[in-house]
Structures are given as C-alpha cells and as structure tokens.
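Welcome! Take a moment to look over the sequence and turn the model around before reading on.

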Amino acid sequence: MKGKFISIEGIDGCGKSTHVKLLARWLRSHGRKVVITDEPTNGATGRIIKRVLIGKLKLPIAAEALLFAADRAQHISEVIKPALKTGKVVLNERYVSSSLAYQSARGLSINWISSINKHALMPDLGILIDVPVDIAFARIKSSRRLDEFERNLRLQERVRRNYLRIARRERLKIVDNTRSCDEVQAEIRKLVSAVL
Ligand SMILES: Nc1ncnc2c1ncn2[C@@H]1O[C@H](COP(=O)(O)OP(=O)(O)O)[C@@H](O)[C@H]1O
Ligand SMILES: [Mg+2]
C-alpha cells in the first residue's frame, strides 16, 4: 500500500487530538494528503459503542470488546485501507492498543483482546502520548464534559499503566507530553519523518 498509517494512543486528555491536528497541518504544508480519523467510529457498530460510553446502554465487557473489534474491522476496510491505497497519510486516534489498555483495565485478558484483534492492519507507526492522569484531568476539566471512562480516575491510572506495559509488545513509541506542545510536536514529527 502506498500511504502511511500512523496511530496515536494514550489516556483521555493526554493530547492526541492536539498533536494530530498539528501533525496534519505540517504534513499538508509539505504536500501530503492527510486523513484524520478515530475510534470508535461513527459507523453502525461505533454508534452502539458510543451509547455504551455515555451510559445509555449496558453490555458485558466482553461484548463491548467485540464491538470495538467489529467497529475496527469496518474502519479498516471502509476508511483506512482506501486512504492508504491512494497514497494518503492516515492519522488515527485510538486503535488496538486502546482496546488492550482499556478492556484489560476492566478485567479482560490481554491475550483474548489481542486474539479478537488479529484481523487489524498493523500501523506503520504507533505513538503513545503519555502524561500522568492528574495532568490529563487538569487539562481537560475546563474544556469539556467528562464521559464515563474519564470520570473514573482509578481506572485511568490502570489504563495508563497498561499502556506503558504494552508499549513494547505493540511497538509504540512513547512520547512524554508533560513538556511544551512545541517540543513534543517536534519529537513526533521526527518519528513520523522516519517512516514517511
Ligand atoms: N503539551 C501540552 N501542554 C499543555 N497543554 C496541552 C499539551 N498537549 C495538550 N494539551 C491540552 O490538553 C487538553 C487535552 O488535549 P487533547 O488533545 O484534547 O487530548 P486527547 O485527544 O488525548 O483527549 C487540551 O486542552 C490541550 O490543549
Ligand atoms: Mg481527542
């Protein structure tokens, strides 16, 4: 495939959307065609997941994990692969590592989550944007309402630890976003340049 698939991971409020936007601006200024996308998607399965996330629908955690995997399959075939085939850079927020970090923090086995995600196309680059949970919370508290996951501070702590634990096996590059946005973005651009 001609394009590049770059996936950004990390807890809520770590800075994914911020850095994706800055990265897209930079890539476009260098003449690259960029697609920004995220999970859960707005597709049929993604919309069910979003009802779960806002507490409108209760499902067993295993069912939730399967929905994320199904949503991902649709995302790959309808959005990611078509964009890659036409040479675009796909900047995606949340992917397999999100499933591993969040669903295992809520009791599922990492190996099982991994097995239901075997279908997923491997990104050319995976970046874990890391900040301590209290910093992420302080940064987002003023700007938007917290969803079900975000409200649970201890869960977020577990998710952050899981991310750091799975970074090696999922080949995620860890970027410390407690520094200034410019400094961090410069590091991210270096990582991206290396795979373009
Ligand atoms: N390096 C940084 N320094 C200070 N604030 C930051 C930094 N990176 C992100 N932020 C701020 O943190 C908040 C959450 O960032 P956001 O990109 O929305 O996170 P996410 O998409 O991971 O949930 C935003 O208000 C953003 O401006
Ligand atoms: Mg975001």
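The paragraphs below walk through a strand, a ligand site, a pair of helices and a loop residue.

Please keep in mind that this is a predicted model.

**A covered strand**

A good place to begin is strand E1, which spans residues 4-9. This strand is mostly covered, with six of its six residues buried. In a regular strand, side chains alternate between the two faces of the sheet. What does each side of E1 hold? On one side sit Lys4, Ile6 and Ile8, and on the other Phe5, Ser7 and Glu9. These residues are all buried, which leaves both faces of E1 covered.

E1 has two strand partners described here, E3 and E4. The table sets out each pairing, together with the residue that stands opposite serine 7.

| Partner of E1 | Sense | Bridges | Opposite serine 7 |
|---|---|---|---|
| E3 (residues 89-93) | parallel | five bridges | asparagine 92 |
| E4 (residues 125-130) | parallel | four bridges | glycine 126 |

Serine 7 is thus a handy landmark: find it in E1, then look across to asparagine 92 in E3 and to glycine 126 in E4.

**Around the ligand**

Next, turn to ligand 1, which has 15 residues around it. Among these, Gly15, Lys16, Ser17, Thr18 and Arg139 come nearest. Three helices each give two or more residues to this shell: H1 (16-29), H6 (133-141) and H9 (181-193). Which of the elements gives the most? That is H1, with three residues. By character, the shell divides into eight polar, four nonpolar and three charged residues.

**Two helices that cross**

Now find helix H4 at residues 96-105 and helix H8 at residues 153-166. Their axes lie 8 Å apart, and the two helices pack at an angle of about 135 degrees. H4 and H8 are therefore oblique to each other. The crossing in which H4 passes H8 is right-handed.

**A proline in a loop**

Finally, look for proline 40 in the loop between strand E2 (34-38) and helix H2 (44-53). Is this proline buried or exposed? Proline 40 counts as buried because it has 20 C-beta neighbours inside 10 Å, and the cut-off for a buried residue is 20 or more. Arginine 72 lies 32 residues away from proline 40 along the chain, yet 7.7 Å separates their C-alpha atoms.

Note on methods. Residues numbered from 1 in each chain as written. Chains lettered and ligands numbered in written order. Predicted model: local features only at pLDDT ≥ 70, side-chain atom pairs only at ≥ 80, totals over all residues. Buried ≥ 20, exposed ≤ 12 C-beta atoms within 10 Å, placed from the backbone. Pairing = 2+ DSSP bridges. Near = placed C-beta within 6 Å. Nonpolar A, V, L, I, M, F, W, Y, C, P; charged D, E, K, R; others polar. Axes fitted to C-alpha atoms, helices over the stretch in contact; angles between N-to-C directions. Parallel < 35°, antiparallel > 145°, perpendicular 65-115°, else oblique. Left-handed = near helix turned anticlockwise from the far one by under 90°.
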